[in-house]
Protein chains: 2
Amino acid sequence: MQKNVGEIYTSNNIFIKQNQINKYAEASGDNNPIHLDEDFAQKSNFGGIVAHGMLILAQISELLTSIFGINWAINGHLDVRFRRPVYVKDSIQSIIEIVSIELKNDKSKINCKVSCVKNNDDLVIVGTAIIYIPEQKKEN
Amino acid sequence: MQKNVGEIYTSNNIFIKQNQINKYAEASGDNNPIHLDEDFAQKSNFGGIVAHGMLILAQISELLTSIFGINWAINGHLDVRFRRPVYVKDSIQSIIEIVSIELKNDKSKINCKVSCVKNNDDLVIVGTAIIYIPEQKKEN
């Protein structure tokens, strides 16, 4: 489907639950106790269990996939900064804005501003994503 | 622990299994059939089931966490390009090389080249990661 500069896409607000963090730990193999052990996390500098940064980034990726399909996951470019930890029960929302579209070698190069905010306010992740989409041949 | 320019860290070679892709789909919410449905994937341009790009990126993140601890996940900067799809039964290995270390405002800014290769040869993901580590006060 045709994409246009200025379009903004947002995900639903989702609440981060311990159960999802546990599943992510199992899938990714990252079992750091800061994500899994309430006692350990309480005594750490964070004062509570923190979601994996990549679990939050996965929500941005999921939104990019819903907009751009497999072209994102296979040939995308992502440049992000993690800004703040996300705790259990924080809600997060991902936001994608198309900032430019260029035609290059029969591909559309789509440049997006990406971000994730928690609790409707605090920036958690901010950055850019570039997606290359092959031009579809027009039928005459 | 003191880090030095030129140090190279590698993960074990791991084989991507459908079971892990299924777990990742559940944890991330990304249930695109290209990752889950063999018939669908066979008929697609890819010719078989493809792992989520973010699942592969998570392996790089896991290695960064093992080297830099929570400083990576909470305040890192990641700039990566997805280069090739990873299929079920491909083996992947992540590689991190420290390319520079600067002291900035009481933090070490550590710049790394990051990559993931499959089947010992093909680049799957390539990019850079920056980690900021607070300087530990020296005891006199």
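B:Asn105 sits out in the open: its relative accessible area is 72%, and anything over 50% counts as exposed. You'll find B:Asn105 in the loop that joins strand 4 (91-104) to strand 5 (107-118) of chain B. Its backbone is worth a look too, since B:Asn105 has a positive phi of about 50° although it is not a glycine. Keep in mind while you browse that this is a predicted model.

A little further along chain B comes B:Asn119, in the loop between strand 5 and strand 6 (122-134). Here again phi is positive, near 50°, in a residue other than glycine. As for its surroundings, B:Asn119 counts as partly exposed, with 36% relative accessibility.

**How the two chains are arranged**

Now step back and look at the pair. Turn chain A by 180°, with a shift of 0.0 Å along the axis, and it can be laid on chain B with an RMSD of 0.0 Å. The two copies are thus related as by a two-fold rotation axis. If you want to find that axis from chain A, head for A:Asp79: its C-alpha is the one in chain A nearest the axis, 2.0 Å from it. Both copies use the same surface to meet, and 100% of the contact residues of chain A recur in chain B.

How many residues take part in the contact between chain A and chain B? There are 38 residues of chain A in contact with 38 residues of chain B. The size of an interface is often given as the accessible area lost when the parts come together. For chain A and chain B, about 3,200 Å² is buried between them, and 57% of that is on carbon and sulfur atoms.

**Salt bridges**

Side chains of opposite charge can pair when their charged atoms come close. Searching the whole structure turns up 4 salt bridges over all chains. Across the interface of chain A and chain B, the rule finds 2 salt bridges. Three of the pairs from the structure are set out here.

| Lysine | Acidic partner | Closest N to O |
|---|---|---|
| A:Lys23 | B:Glu26 | 2.9 Å |
| B:Lys23 | A:Glu26 | 2.9 Å |
| A:Lys118 | A:Asp90 | 3.2 Å |

Start with A:Lys23 and B:Glu26. B:Glu26 lies in helix 1 (residues 18-28) of chain B and A:Lys23 in helix 1 (residues 18-28) of chain A, so this pair joins two chains. A:Lys23 is partly exposed, at 28% relative accessibility.

Then there's the pair of A:Glu26 and B:Lys23, whose side chains meet in a salt bridge. This one also crosses between chains, running from A:Glu26 in helix 1 of chain A to B:Lys23 in helix 1 of chain B. Are its members buried or exposed? A:Glu26 is exposed, having a relative accessible area of 51%, while B:Lys23 counts as partly exposed at 28%.

The pair of A:Lys118 and A:Asp90 stays within chain A. What it does is link distant parts of the chain: A:Lys118 is in strand 5 (residues 107-118), A:Asp90 is in the loop between strand 3 (77-82) and strand 4 (91-104), and the two are 28 residues apart. Both A:Lys118 and A:Asp90 are buried.

**Cysteines**

How many disulfides does the structure hold? The count is 0 over all chains. Take A:Cys112, which is in no disulfide: the nearest cysteine sulfur belongs to A:Cys116 and is 15 Å away. A disulfide needs two cysteine sulfur atoms within 2.5 Å, so a 15 Å gap rules that pair out. In chain B, B:Cys116 is likewise in no disulfide, with the nearest cysteine sulfur, that of B:Cys112, 15 Å away. A:Cys112 counts as buried, at 0% relative accessibility, and B:Cys116 counts as buried at 0% as well.

**Helix 4 of chain A**

One last stop is helix 4 (residues 53-68) of chain A, which has 16 residues. From its first C-alpha to its last it reaches 23 Å, close to the 22 Å expected at 1.5 Å a residue. Is helix 4 mostly covered or mostly open? Mostly covered: 14 of its 16 residues are buried. Right after helix 4 comes A:Gly69, and its phi is positive, near 65°.

Note on methods. Residues numbered from 1 in each chain as written. Chains lettered and ligands numbered in written order. Predicted model: local features only at pLDDT ≥ 70, side-chain atom pairs only at ≥ 80, totals over all residues. Heavy atoms only, no water. Least-squares fit on C-alpha atoms with pLDDT ≥ 70 in both. Contact = heavy atoms within 4.5 Å. Helix = DSSP H or I, 4+ residues; strand = E, 2+ residues; numbered from the N terminus. Expected span 1.5 Å × (residues − 1). Buried < 20%, exposed > 50% of the residue type's maximum accessible area, 1.4 Å probe, protein only. Buried area = accessible area lost by both parts, 1.4 Å probe.
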